[in-house]
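This report takes a fold apart, from overall layout to sheet, helices and cores. Please keep the model in view while reading.

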Amino acid sequence: MTANAHRKTPVTLLGLGAMGTALARTWLAAGHPLTVWNRTPARAEALAAEGAKAADSAADAVAASTLVLVCLLDDASVEAALDGADLAGKDLVNLTTTTPAQARARAVWAEERGARYLDGGIMAVPPMVGVPEAGGYVFYSGSRKLFELHRESLAVPVGTTYVGEDAGFAALHDVALLSAMYGMFAGVAHAFALIRREDIDPVAFAPLLGEWVGAMAGPSIEQTARQLATGAFDDSDSSLAMQVAGTPTFLATAEDQGVSPELIRPYFELMRRGLAASGAGQEATSLVDLLVRKA
């Protein structure tokens with residue numbers, strides 16, 4: 001351990017899956033004293049060989065540092081790991097993927113035990129950790145004061161983006177972005193399925209698909225945001241009525257190509273429902289409010 005390491009914030013990390021291990025190695029490389037714990041001890045032992053201190057229990061790991069980060073499977077795993085640990089005076093940062101409601105409840109749970117709490121949503125995969133140019137980052141929500149206190153340490157593995165005092169906002173941003181990602185994956189899968197049986201090279205097709213999705217997504221996202229902010233859903237050249245009128249062609253093409261329409265049919269049905277509810281002049285942005293259940 002270098003002399004510089006003793007001037008850096010000690011960190012405890014619970015959870016050494018692929019993501020946890022990647023995070024741990026970046027803090028070690030940056031000179032942070034690191035205590036680790038994992039339910040499977042062998043993973044902690046591997047990091048101990050690289051300079052980390054492997055704790056015998058989660059409670060021992062928590063006791064070792066004020067800044068405690070948790071990167072486990074789910075919310076139940078967090079509660080199980082921290083059961084019996086003394087959290088009084090600890091700064092607990094939960095990087096476990098949870099729902100917004102679970103994050104808010106966990107914040108209250110932590111505060112009742114004397115800990116300050118931040119929730120985090122990791123927008124990266126393990127190979128992006130420790131590689132600034134890869135663009136990975138973590139959403140953080142909860143105490144702004146706590147975030148600012150530990151911002152430098154939290155930014156060691158990947159970038160940081162603070163999204164609000166509401167402890168559930170990091171999880172909400174995380175799931176919202178990932179939901180859009182899966183919607184994109186669905187469209188990409190359908191597009192490749194359409195050409196699958198034809199004499200079309202998927203490698204040659206890929207850049208056409210990527211460029212088109214990129215060209216459509218950026219402007220569409222910005223337009224949707226503006227329309228939601230202003231409530232003006234009829235300022236587009238592509239009306240909902242025009243889009244609905246074109247859907248039979250897409251469904252017929254899928255049928256002709258022997259491709260299931262299961263990935264695109266639900267959205268087309270939502271479009272038709274939106275048209276019936278809002279009228280021909282509306283734009284597809286109106287579908288956002290149609291998805292939101294009435295209180």
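## Overall layout

Eleven helices and eight strands make up the protein chain. The model is predicted. Its C-alpha trace spans about 65 × 50 × 30 Å along the principal axes. The chain has 295 residues, and 38% of them count as buried. Contacts between residues at least 6 apart in sequence often reach far along the chain: 59% of them join residues at least 24 apart.

## The sheet

What is the strand order in the open sheet? The eight strands run β3-β2-β1-β4-β5-β6-β7-β8, and the pairing is mixed. β3 (53–54) and β8 (159–162) stand at the edges. Each has a single partner strand, so one side of each lacks a neighbour in the sheet.

Several of the pairings are parallel. The table lists them with their bridges and one residue pair each.

| Strand pair | Sense | Bridges | Residue pair |
|---|---|---|---|
| β1 and β2 | parallel | four | Leu13 opposite Val36 |
| β2 and β3 | parallel | two | Thr35 with Lys53 |
| β4 and β5 | parallel | four | Val70 opposite Asn94 |
| β5 and β6 | parallel | four | Leu92 with Tyr117 |

Val36 of β2 also stands opposite Ala54 in β3.

In a regular strand the side chains alternate between the two faces of the sheet. β2 and β5 can be read with that in mind. From β2, Leu34 and Val36 point one way. Thr35 and Trp37 point the other way, and all four residues named for this strand are buried. β5 is covered on both faces. Asp91 and Val93 lie on one side, Leu92 and Asn94 on the other, and all are buried.

## Crossovers and packed helices

Helices link the parallel strands. β1, α1 and β2 form a right-handed β-α-β unit. β2, α2 and β3 form a right-handed unit of this kind too. Further along, β4, helix α4 (residues 75–82) and β5 make a right-handed β-α-β unit. β5, α5 and β6 make another right-handed one.

Helix α5 (residues 100–112) lies across β5 (91–94) and β6. It runs at about 150 degrees to β6. Helix α7 (residues 169–195) also packs on the sheet, where it touches β6 and β7. The direction of α7 makes about 10 degrees with that of β6.

Within α4 sits Ala76. Is Ala76 buried or exposed? It is exposed: its relative accessible area is 53%, and the cut-off for exposed is over 50%. The C-alpha atom of Ala76 is 27 Å from that of Met128, which is 52 residues away along the chain.

## Helix α1

Does the length of α1 fit its residue count, and what span should its twelve residues have? Helix α1 covers residues 18–29, and at 1.5 Å a residue it should span 16 Å. The expected span is 1.5 Å times one less than the number of residues. The end C-alpha atoms are 17 Å apart, which agrees.

α1 is mostly covered, with nine of its twelve residues buried. These are Met19, Gly20, Thr21, Ala22, Leu23, Ala24, Thr26, Trp27 and Leu28. The cover includes the strands β1 (11–14), β2 (34–37), β4 (67–70) and β6 (116–123). It also includes the helices α2 (41–48) and α6 (144–154). After α1 comes Gly31, with a positive phi near 90 degrees.

## Nonpolar cores

In soluble globular proteins, nonpolar side chains tend to be buried together. Here the largest nonpolar core has 30 residues. Leu13, Leu23, Leu69 and Leu95 have the most contacts inside it. The elements giving two or more residues to this core are β1, α1, β2, α2, β4, β6, β7 (137–142) and α6. Its largest share, six residues, comes from α1.

Which residues does Leu95 contact, leaving aside neighbours within four places in sequence? They are Leu23, Leu69, Val70, Cys71, Gly120, Ile122, Val138 and Tyr140. Apart from this core lies another, of 20 residues. Ala81, Leu87, Ala110 and Ala115 are among them.

Notes. Residues numbered from 1 in each chain as written. Predicted model: local features only at pLDDT ≥ 70, side-chain atom pairs only at ≥ 80, totals over all residues. Heavy atoms only, no water. Buried < 20%, exposed > 50% of the residue type's maximum accessible area, 1.4 Å probe, protein only. Contact = heavy atoms within 4.5 Å. Core = buried A, V, L, I, M, F, W, Y, C linked by side-chain atoms within 4.5 Å. Pairing = 2+ DSSP bridges. Axes fitted to C-alpha atoms, helices over the stretch in contact; angles between N-to-C directions. Right-handed = clockwise from strand over helix to strand, strands pointing away.
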